[in-house]
Amino acid sequence: MADLFDKILKNMGPIGEHAKESHGYFTFPKLEGEINTHMGFRGTEMLNWSLNNYLGLANHPEVRKADADAAIKYGLALPMGARMMSGNSDNHEALENELSKFVNKEATFLLNFGYQGVLSAIDALVDRRDVIVYDAESHACIIDGVRLHQGKRFVFTHNDMASLEKQLQRATKLVDETGGAIMVITEGVFGMRGDLGALDQIVAMKSKYQFRLFVDDAHGFGTMGKTGAGTGEHFGVQDGIDIYFSTFAKSMAGIGAFISSQKEIITFLQYNMRSQIFAKSLPMPLVVGMRKRLDLIKSMPELKENLWKIVRALQSGLKEYGLEIGPTASPVTPVYLSGSIPEATHMVYDLRENYGIFCSMVTYPVIPKGMIILRLIPTAAHTLEDVQKTLEAFKKVAVKLKDGEYAKHDKIVEGVAQ
Ligand SMILES: Cc1ncc(COP(=O)(O)O)c(C=O)c1O
């Protein structure tokens with residue numbers, strides 16, 4: 001028999017095994033100062049491309065004032081209790097109505113966190129006779145929601161409509177026998193690669209197969225579509241999305257999330273989502289702060305225009321310099337490189353220490369061994385000078401990587417962990 005803690009100490013997990021060398025630098029870094037495109041890191045100012053503050057709202061003076069005023073007026077405790085018991089308020093309902101109008105759905109339910117919300121919504125919506133058909137590259141919250149499902153789940157190859165159709169045929173055959181229903185789940189914008197879920201083609205499949213479509217649009221809300229209402233609006237298929245989800249943690253620069261659908265389905269979720277029934281409701285300052293952010297998104301289209309100006313400059317510049325950014329069609333900008341984990345850490349170290357550029361690094365096990373993604377998140381607050389500085393730096397480090405300069409090291413950068 002093993003001791004649980006002994007077992008854990010022998011296997012800290014695929015990322016945790018690097019904690020000793022990387023904690024505080026590559027993992028759990030501490031950015032210093034106010035949220036901005038330039039922030040401190042270990043006392044040095046760096047140009048920051050690692051925050052999902054797409055519209056630059058995090059530090060907008062009106063947002064900061066609304067958050068501060070609401071905190072003074074209400075405190076963080078209000079309302080106490082779960083929405084169903086004692087945690088409802090006019091502000092919660094007003095934000096829900098405003099979001100419904102914005103994303104063109106009948107009703108909305110606020111969620112405390114996006115991750116838990118998706119998990120719990122999936123859990124509530126389907127029962128053991130139902131079949132879930134989902135995209136293979138779905139976010140962890142979808143995968144974990146699917147893991148809770150007690151019925152069958154069929155995965156389709158990422159954005160591959162032939163694969164989706166095959167799985168829909170299998171699912172249809174099964175539910176014809178069980179009397180269950182089918183729910184297809186995908187994303188509006190895939191957060192690692194930045195490519196869009198093929199929502200137009202998936203919605204078109206409804207003419208052939210009977211299913212309901214759930215879309216996680218965490219990265220599309222605020223950034224995609226004419227008004228910023230998301231990827232459904234971008235494709236002109238918002239009506240074909242039966243359940244629309246987004247988080248407040250990205251364009252809204254806050255915390256919390258929401259889910260929108262037809263009225264009766266939202267009523268069902270209000271009374272059946274365990275993550276909301278058994279948890280305290282969103283604090284009032286957050287709700288009031290989100291109302292202010294939504295107002296600004298609606299009244300300041302220039303935020304989205306600025307964002308896309310930066311996105312276009314960054315993405316076309318990286319491509320011109322011969323860097324591979326893959327099929328992104330959104331602000332998410334991954335730069336694909338090849339190399340080992342030690343090489344990746346030396347390149348990121350070089351970028352930070354010698355070029356003053358801070359971005360996130362993705363390596364195995366999130367992506368296949370030998371691949372490195374440096375993920376840049378442009379925002380409305382960046383400038384064209386920031387883009388130029390970054391392009392120059394990337395050009396230089398990409399050459400060094402190709403020339404094997406970082407491959408001289410076979411260990412993660414030493415002495416940086418704290
Ligand atoms: C696609 C997607 N869905 C859900 C979430 C979770 O949202 P939250 O941070 O509100 O829990 C995220 C954020 O990381 C995400 O990228």
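Thirteen residues surround the ligand, and Gly114, Tyr115, His139, Ala218 and Thr247 come nearest (a residue is near a molecule or strand if its C-beta atom, placed from the backbone, lies within 6 Å of it). This is a predicted model, where local features need pLDDT of at least 70 and side-chain atom pairs count only at pLDDT 80 or more, while totals for chains, interfaces and linings use all residues. Residues are numbered from 1 along each chain as its sequence is written.

**Around the ligand**

- The shell around the ligand divides into seven nonpolar, four polar and two charged residues. Here Ala, Val, Leu, Ile, Met, Phe, Trp, Tyr, Cys and Pro count as nonpolar, Asp, Glu, Lys and Arg as charged, and the others, Gly among them, as polar.
- Helix α5 gives the most to this shell, with three residues. Helices (H or I, at least four residues) and strands (E, at least two) are DSSP runs, numbered from the N terminus.

**The sheet**

- Seven strands make an open sheet with mixed pairing, in the order β4-β10-β9-β8-β7-β5-β6. Two strands pair if DSSP finds at least two bridges between them.
- At the edges sit β4 (107–111) and β6 (153–156), and each pairs on one side only.
- From one strand to the next, the twist averages 20°. Axes are lines fitted to C-alpha atoms, for helices over the stretch in contact, and angles run from 0 to 180 degrees between N-to-C directions.
- Strands pair through backbone hydrogen bonds, either parallel or antiparallel.
- β7 and β8 are a parallel pair with five bridges, and Val184 stands opposite Leu213 in β8.
- β8 (residues 212–216) also runs parallel to β9 (residues 243–247), joined by three bridges; in this part, Val215 stands opposite Tyr244 in β9.

**Helices on the sheet**

- Helix α5 (residues 114–125) packs on the sheet and touches β4, β7 (182–187), β8, β9 and β10 (257–261). Its direction makes about 35° with that of β10. Two residues are in contact if their C-beta atoms, placed from the backbone, lie within 7 Å.
- Helix α7 (residues 161–178) packs on the sheet too, touching β5 (131–135), β6 and β7, and its direction makes about 175° with that of β5.
- Does the length of α5 add up? What span should its twelve residues have at 1.5 Å a residue? They should span 16 Å, and the end C-alpha atoms are 16 Å apart, which agrees. The expected span is 1.5 Å times one less than the number of residues.

**What's covered up**

- Eleven of the twelve residues of α5 are buried, so this helix is largely enclosed by the rest of the structure. The buried ones include Gly114, Tyr115 and Leu125.
- A residue is buried if 20 or more other C-beta atoms lie within 10 Å of its own, exposed if 12 or fewer, and partly exposed in between, with C-beta atoms placed from the backbone.
- β8 is mostly covered as well, with four of its five residues buried.

**Backbone oddities**

- Most residues other than glycine have a negative phi, and most peptide bonds are trans.
- Phe28 is not a glycine, yet has a positive phi of about 50°. Phe28 is in the loop between α2 (19–22) and β1 (31–32), and is exposed, with 11 other C-beta atoms within 10 Å.
- Asn159 also has a positive phi, about 55°, without being a glycine. Asn159 lies in the loop between β6 and α7 and counts as buried, with 21 C-beta neighbours inside 10 Å.
- The peptide bond from Leu78 to Pro79 is cis, with omega near -10°; Pro79 belongs to the loop between α3 (61–74) and α4 (90–103).
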